[in-house]
Amino acid sequence: TYVVTENCIKCKYMDCVEVCPVDCFYEGENFLVIHPDECIDCGVCEPECPADAIKADTEKGLEAWLELNAKFAQSWPNITVKRDSFPDSKEWDGKPDKLPLLSP
Ligand code: SF4
Ligand code: F3S
């Protein structure tokens with residue numbers, strides 16, 4: 001499966017949702033997650049993210065992010081259409097230590 005990781009937080013560009021063939025993105029206030037049981041591993045979303053926040057879970061060290069994606073995919077609403085991103089999305093792109101800023 002693919003997972004959304006830290007750099008999505010407060011960037012939330014939403015380009016990813018437009019390309020997913022199985023619509024498995026779920027939306028929080030300032031972060032998106034992928035439902036790991038629904039993702040068919042097509043890889044199409046990975047290059048679409050301007051923040052480079054989507055990774056294959058075969059990459060090392062993503063266990064915590066996979067857990068977090070799985071958890072929030074249970075309760076957050078599905079998102080399939082991109083809206084305007086935050087006016088300050090670009091300013092947050094690449095900032096370190098954004099995890100505490102994630103709105104559950
Ligand atoms: Fe959707 Fe494919 Fe990305 Fe999985 S890898 S979230 S199926 S676009
Ligand atoms: Fe987040 Fe990238 Fe999608 S910033 S909302 S994973 S396009």
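Trainee: Where is Asp52 placed?

Mentor: In this predicted model, Asp52 sits in the loop between S3 and S4, and its phi is positive, about 55°, although the residue is not a glycine.

Trainee: Is Asp52 buried or exposed, or something in between?

Mentor: Asp52 is partly exposed, because 14 other C-beta atoms lie within 10 Å, and that count falls between the 12 or fewer of an exposed residue and the 20 or more of a buried one.

Trainee: And Asp23, what about its phi?

Mentor: Phi of Asp23 is near 50°, which is again a positive value in a residue other than glycine; Asp23 belongs to the loop between H1 and S2, and it is partly exposed, with 13 other C-beta atoms within 10 Å.

Trainee: Before we go on, what are the confidence scores like?

Mentor: The protein has an average pLDDT of 98, and 100% of the residues score at least 70, while the model as a whole has an ipTM of 0.98 and a pTM of 0.97.

Trainee: OK, helix H2 then. Which of its residues are buried?

Mentor: In H2, which spans residues 63-73, the buried ones are Trp65, Leu68, Asn69, Phe72 and Ala73. Viewed down the helix axis they fall within an arc of 125°, so they line one face of H2.

Trainee: What's on the other side of H2?

Mentor: There Glu63, Ala64, Glu67 and Lys71 are exposed.

Trainee: And which strands cover the buried residues?

Mentor: The cover over the buried residues of H2 includes strand S1 (2-4), strand S2 (25-27) and strand S3 (32-34).

Trainee: Does that tie in with the core, and how many residues does the largest nonpolar one have?

Mentor: The largest nonpolar core has 28 residues, and those with the most contacts inside it are Val4, Cys8, Cys16, Phe25, Leu32, Val33 and Ile34. Two or more residues each come from S1, helix H1 (15-19), S2, S3 and H2, with H2 giving the largest share, four residues.

Trainee: Take Val33 from that list. What does it touch?

Mentor: Val33 lies in strand S3 and is buried, because 24 other C-beta atoms lie within 10 Å, which meets the cut-off of 20 or more. Not counting residues up to four places away in sequence, Val33 touches Val4, Tyr26, Leu68, Asn69, Phe72, Ala73 and Trp76. In addition, the C-alpha atoms of Val33 and Gln74 are separated by 10.0 Å, although these residues are 41 apart along the chain.

Trainee: And Ile34, what does that one touch?

Mentor: With residues up to four places away in sequence again left out, Ile34 touches Thr1, Tyr2, Val3, Val4, Cys24, Phe25, Cys39, Asn69 and Ala73.

Trainee: Switching to the ligands, which residues come nearest to ligand 1?

Mentor: Around ligand 1 there are 14 residues, of which Tyr2, Cys20, Cys39, Cys42 and Cys45 come nearest; by class, that shell has twelve nonpolar, one polar and one charged residues.

Trainee: Which come nearest to ligand 2?

Mentor: Ligand 2 has 13 residues around it, and the nearest are Cys8, Tyr13, Cys16, Cys49 and Ala51. Its shell has eleven nonpolar and two charged residues, with no polar ones.

Trainee: Last one, which residues is Lys55 in contact with?

Mentor: Lys55, in strand S4 (residues 54-56), is in contact with Tyr2, Val3, Thr5 and Leu62, leaving aside its neighbours within four places in sequence. Lys55 is partly exposed, with 18 other C-beta atoms within 10 Å, and its C-alpha atom is separated by 9.9 Å from that of Trp65, ten residues apart along the chain.

Definitions and conventions: Residues are numbered from 1 along each chain as its sequence is written. Chains are lettered from A and ligands numbered from 1 in the order in which they are written. This is a predicted model: local features need pLDDT of at least 70, side-chain atom pairs count only at pLDDT 80 or more; totals for chains, interfaces and linings use all residues. A residue is near a molecule or strand if its C-beta atom, placed from the backbone, lies within 6 Å of it. Ala, Val, Leu, Ile, Met, Phe, Trp, Tyr, Cys and Pro count as nonpolar, Asp, Glu, Lys and Arg as charged, and the others, Gly among them, as polar. The arc is that of the directions from the helix axis to the C-beta atoms. Two residues are in contact if their C-beta atoms, placed from the backbone, lie within 7 Å. A nonpolar core is a set of buried Ala, Val, Leu, Ile, Met, Phe, Trp, Tyr and Cys residues joined through C-beta atoms within 7 Å. pLDDT is the predictor's confidence in each residue, from 0 to 100.
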